[in-house]
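The report below walks through local backbone features, helix faces and helix packing in a single chain. Please keep the sequence and the coordinates at hand while reading.

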Amino acid sequence: MSSSRRSPPTQRVVAILDHLLAHPGERFGLSELARAVGVSKPTCLGIASTLTELGWLTCDGDSRLYGIGPGLVAAGKLARGAVPAAGAAERELAQLASRFGCACSASAVVGEEIVVLTSIRADGRGEGVLAGSRYPFAPPVGMMYVVWDGDAAIEQWLARQPALPVAIDRTHLRRIVAECRERGYLVEGLTEVGVRLHTLMAGVAAYDLPDEVRGLVGEMVSTLGERVYLGEELAARGRHPTHLLAAPTFGPDARQELVLTMYVGQAMTGAEITRRGKALMSTAAAVTEAVGGMPPRGEASA
């Protein structure tokens, strides 16, 4: 994507919408909203007033607080409807979240981004992500969206301009791919750097970070896939700091469609990770079946 083709006015509109979507149920005054998205108060007023007239935002007449409007809610439902498996995933993930008392989500690659289509929190517990959150689909972000989709998909993802500078160790990557395909799910370790990176990249379009910031953040991630646990590291009785588990669903064309994620945020034994991983795989299989999908035939990683 060429920076010369970006539209700063459009980016300001999107920034306001993104901020409100990231805080569902909350309302903001004009000054607070302008500070949060880094625009001037007059500019924010013009954008917010127009979006309110169109029904994308609401504005309380007395408090003058802005919040999400019916137009934005309807657009979100339409966007989620574009991925038929999202509804089935929400039903299945609700049971999984309740069983383990954790947060779960379903996400997919939509256009140039990764979009969280649904997010479930059991009784409000657990660390997770909000539905509507977006992430750049470019290395080092998004590996789990291609691991189970064949070697060609992996190469296409690797060929994208990186969102952050990162070293690619193909030998290590091949091990990750082979083990995840054999195991059926991915286990990501819990590190302070990883959590900070995940938070930073939420809502950031690929390549929108200034070069100097991209370089500094890139130093946080030295090698692609470094936070993914390999089987030999998951001793049954040892305790392993775990951020999340992820498993794929497949469509009727046997292509990877969604990634179902179970958020852990604590240390667990290898045995407990296996128990949760198998439950997540069963949930993914149920979603695949619900949409008439089928898993792909085995493919050796190159």
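Ala254 has a relative accessible area of 17%, under the 20% cut-off, and is therefore buried in this predicted model. Ala254 is found in the loop between β7 and β8 (256-269), and its phi is near 65 degrees, a positive value in a residue other than glycine. A positive phi in a residue other than glycine also occurs at Arg64, where the angle is near 60 degrees. Arg64 belongs to the loop between β1 and β2, and with a relative accessible area of 46% it counts as partly exposed.

Two glycines that follow helices take positive phi values as well: Gly38, just after α2, has a phi of about 75 degrees, and Gly55, which follows α3, has a phi near 90 degrees. The table sets these residues side by side.

| Residue | Place | Phi |
|---|---|---|
| Gly38 | just after α2 | about 75 degrees |
| Gly55 | following α3 | near 90 degrees |
| Arg64 | loop between β1 and β2 | near 60 degrees |
| Ala254 | loop between β7 and β8 | near 65 degrees |

Another backbone feature concerns the peptide bond from Pro139 to Pro140, which is cis, with omega near 5 degrees. Pro140 lies in the loop between β5 (134-136) and α6.

Strand β7 (239-250) and the loop before it offer a contrast in accessibility. Thr249, which is placed in strand β7, has a relative accessibility of 1% and therefore counts as buried. Leaving aside its neighbours within four places in sequence, Thr249 is in contact with Arg255, Gln256, Glu257, Leu258, Leu260, Ala284, Val287 and Thr288. Arg237, by comparison, sits in the loop between α9 (211-218) and β7, and its relative accessibility of 81% makes it exposed. Although Arg237 and Glu272 are 35 residues apart in sequence, their C-alpha atoms are 9.1 Å apart in space.

The chain as a whole has 10 helices and eight strands, and buried residues make up 44% of its 302 residues. Of the contacts between residues at least 6 apart in sequence, 65% join residues at least 24 apart.

Among the helices, α3 can be followed in some detail. Helix α3 covers residues 41-53, and its 13 residues, at 1.5 Å a residue, should span 18 Å, which agrees with the 18 Å that separates its end C-alpha atoms. Which residues of α3 are buried? They include Cys44, Ile47, Ala48 and Leu51, and because these residues cover an arc of only 95 degrees around the axis, they lie on the same side of α3. The spacing fits a general rule: an α-helix has 3.6 residues a turn, so residues three or four places apart point the same way. On the other side of α3, Pro42 and Glu53 are exposed. The cover over the buried residues of α3 includes α1 (8-21), α2 (30-37), β1 (57-59) and β2 (66-68).

Helix α2 shows a comparable arrangement, in that Leu30, Leu33, Ala34 and Val37 are buried. These four residues cover an arc of only 100 degrees around the axis, which puts them on the same side of α2. What covers the buried residues of α2 includes α1, α3 and β2.

Two helix pairs can be described by how their axes meet. Two packed helices are described by the angle between their axes and the distance between the axes. For α1 and α3, the axes come within 10 Å and cross at roughly 70 degrees, which means that α1 is roughly perpendicular to α3. Arg12, Val13, Ile16 and Leu17 of α1 make this contact with Thr43, Cys44, Ile47 and Leu51 of α3. Cys44, Ile47 and Leu51 also appear among the buried residues of α3.

For α6 (residues 151-158) and α7 (residues 170-183), the axes come within 13 Å and cross at roughly 140 degrees, and the two helices are therefore oblique to each other. The crossing in which α6 passes α7 is right-handed. On the α6 side the contact involves Asp151, Ile154, Glu155 and Leu158, which meet Arg170, Leu173, Val177 and Arg181 of α7.

Key: Residues are numbered from 1 along each chain as its sequence is written. This is a predicted model: local features need pLDDT of at least 70, side-chain atom pairs count only at pLDDT 80 or more; totals for chains, interfaces and linings use all residues. Side-chain values use heavy atoms; hydrogens and water are left out. The expected span of a helix is 1.5 Å times one less than its number of residues. Buried means under 20% relative accessible area, exposed over 50%, partly exposed in between (1.4 Å probe, protein chains only). The arc is that of the directions from the helix axis to the C-beta atoms. Contact means heavy atoms within 4.5 Å. Axes are lines fitted to C-alpha atoms, for helices over the stretch in contact, and angles run from 0 to 180 degrees between N-to-C directions. Angles under 35 degrees count as roughly parallel, over 145 as roughly antiparallel, 65 to 115 as roughly perpendicular and the rest as oblique. A crossing is left-handed if the near helix is turned anticlockwise from the far one by less than a right angle, and right-handed if clockwise.
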